[in-house]
Protein chains: 2
Amino acid sequence: MKKFVNDPKQFVPEMLEGIALANPDTLAYVPEYNLIMRKDAPRDDKVSIVQGSGSGHEPAHVMIVGKGMLDAACPGDVFAAPPMDYVYETAKKLATPKGVLLLVNNYTGDRMAFDMGKEMAESEGVRTEILMINDDVAVKDSTYTIGRRGVAGNFFVIKAVGAASERGDDLEEVVRIGKKVNDVTRTMGVALTACTPPAKGSPLFDLGADEMEVGVGIHGEPGRERRKLAGADEIADELLDAVVDDLPYASGDRVALMVNGLGGTPISELYILYRRAHKQLADRGITVGRSYVNEYCTSLDMAGASITLVKLDDEIEELLAAPAEVPIRVF
Amino acid sequence: MKKFVNDPKQFVPEMLEGIALANPDTLAYVPEYNLIMRKDAPRDDKVSIVQGSGSGHEPAHVMIVGKGMLDAACPGDVFAAPPMDYVYETAKKLATPKGVLLLVNNYTGDRMAFDMGKEMAESEGVRTEILMINDDVAVKDSTYTIGRRGVAGNFFVIKAVGAASERGDDLEEVVRIGKKVNDVTRTMGVALTACTPPAKGSPLFDLGADEMEVGVGIHGEPGRERRKLAGADEIADELLDAVVDDLPYASGDRVALMVNGLGGTPISELYILYRRAHKQLADRGITVGRSYVNEYCTSLDMAGASITLVKLDDEIEELLAAPAEVPIRVF
């Protein structure tokens, strides 16, 4: 296993401690519940925005806790949902008079933990809503979900509800906005290699030297097809066609276009995919209003990428453009 | 080769075109010279800051062109210095009454291209200075350098001279600041895997399944020692000791601490290294004033990391904290 790791059991806690040490003014780490939260949360004047999920998808979600984004993230272990009592304790800690919004990428394990955590929190009077994200067009049901999976497109939901909550919107309004963004967000990914979970120490699945997994899930779950590796443009076309065809688009539409790296792919290659996707959209008369080329939601060290499109209107574009702060420093 | 690539010969131009398409308001791409430049450059009221080097180190340097950072980057092909006439044409295009500062990471091929390009530009009246960066403590001379190599620490030089030039400092003052930052910046890296250049299509060197290359260069050049893979804390200690011991440090000193990923290592693992380095510094009485955990200067898809320390004083800290803009979007 070619990783920077000490005891694999301590992979997540050590990462979280590192995040807190690097951001002493803004973030707090609560080891008992794997919790990373803003130091200024909860705030009475805003809905608290929380996302949990398995770890191994960083920067999602523990590295996007900050002003205008998440108020807290409560991750599970690598590729494991957080325990329901972590969700419960997190909701209690983040409780405000305006309520708590729990964002959940649609994976059955996460749904279960959050449904139960929500119930426990509500029984103690914490006003809580759950918003499910299901942007992955690759498959209808999947290995670990009923219905579509939630993947990198959740980033846009987080940004939008983060901005809405920051300006003081009520819980109903924040939920409306989150659902609206989820409804116009579509993603599909491709894996060129498997990933290696620290506790397993070997690749999670086998993928031949000349193969790729089209429509892969963020834990390496099978997608639409395993087939022979293709060139970058052909791959970009296939991912883009899948997401464009899943919504009615017309010439003149504006979109946010994300090319998301899955962890082991350098950003140079992501821009090669971006180039093609941008041009193909232009050929359809679709304008890219906002571009995102980076790692947002990864699968440990998997080589691969996903393409996400968000159909923009003025309301969504304004929310995506709102100021925010995350622990990731680019300059 | 598990990469997103079309024709390997077009790897760099396609990446650059992608960057320009994603940043239509701020960046221009000049295909004749592999040049990415700010649309508002050159500006009469500021020194133009330019860095070239081989490609394959992204985001360095083509993705850190922007306000407060570089005015332009003129990369060569993957792991190849830019041709001298690209440097010359870039210096001419960026010429301002206040001059052009060419930043060069110390690799012999780059030095040669920039020395010659500078001479050509000066013969046409372009006021030009070169500032060499040599932050890598791993080896004194190396496979491709006389003297120490320039690696990820150049990021801090760029940030400081970018900020100084933005406020209108003269060329002499910008050079003084750049030298000062370089003088207090030290880096050492480690590779867990080799990288695969697109044109080669196979790993650049062999590294056993249980081996690591300590003190590796950013093209995979040998460092101090090839030895058995160790745990994250042990690796962090070794890198940190090397950079701390290379400058006189005393209890009470403040530093910027960077943990830089080499391209194939997920950010989760970088925070595990960060955690240890931060604590070890605290044990020595050294305070981390600014934290950087991300990919800044990579080696294609190499799994690995480097640690950089910058000894801070008020002047440097103010320059590092100045506002800037880069094409990399984190929210």
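This is a conversation about the cavities, domains and chain contacts of a predicted model.

Student: Why is the link between A:D246 and A:R148 called a salt bridge?

Tutor: The closest N and O atoms of A:D246 and A:R148 are 2.7 Å apart, and because the cut-off between a side-chain nitrogen of Lys or Arg and a carboxyl oxygen of Asp or Glu is 4 Å, the pair counts as a salt bridge. Between domain 1 and domain 2 of chain A the count is four salt bridges.

Student: What makes B:E269 and A:K3 a salt bridge?

Tutor: Here the closest N and O atoms are 3.2 Å apart, which is within 4 Å, so B:E269 and A:K3 meet the definition as well. The count between chain A and chain B is eight salt bridges.

Student: Which parts is chain A divided into, and how many residues of each are in contact?

Tutor: Chain A is divided into domain 1, residues 8–183, and domain 2, residues 185–320, and their C-alpha centres lie 23 Å apart. With contact taken as heavy atoms within 4.5 Å, 37 residues of domain 1 of chain A touch 41 residues of domain 2 of chain A. The two domains bury about 3200 Å² between them, and 63% of it is on carbon and sulfur atoms. A:F79, A:V137 and A:F156 supply 20% of the area that domain 1 of chain A buries against domain 2 of chain A, more than any other three residues.

Student: What area is buried between chain A and chain B?

Tutor: The size of an interface is often given as the accessible area lost when the parts come together. For chain A and chain B that area is about 5700 Å², of which carbon and sulfur atoms give 64%. On the side of chain A, the residues that lose the most area to chain B are A:K2, A:F4 and A:F331, together 18% of what that side buries.

Student: Why is the space beside A:N294 and B:N294 called a cavity, whereas the space beside A:T193 and B:T193 is called a pocket?

Tutor: In a cavity a 1.4 Å probe fits but cannot get out, whereas a pocket is open, so the two names separate closed space from open space. The structure holds seven cavities of 30 Å³ or more, and about 220 Å³ of space lies in the largest cavity, which is lined by 18 residues, with A:N294 and B:N294 among those nearest its centre. The second largest pocket has a volume of about 900 Å³, and A:T193 and B:T193 are among the closest to its centre of the 33 residues that line this pocket.

Key:
Residues numbered from 1 in each chain as written. Chains lettered and ligands numbered in written order. Predicted model: local features only at pLDDT ≥ 70, side-chain atom pairs only at ≥ 80, totals over all residues. Heavy atoms only, no water. 1 Å grid on protein atoms, 1.4 Å probe; cavity = no way out; pocket = protein on both sides within 12 Å on 5 of 7 lines; lining within 4 Å. Points joined across faces, edges and corners; volume = space filled by probe spheres on them. Domains from an automatic or database assignment. Buried area = accessible area lost by both parts, 1.4 Å probe.
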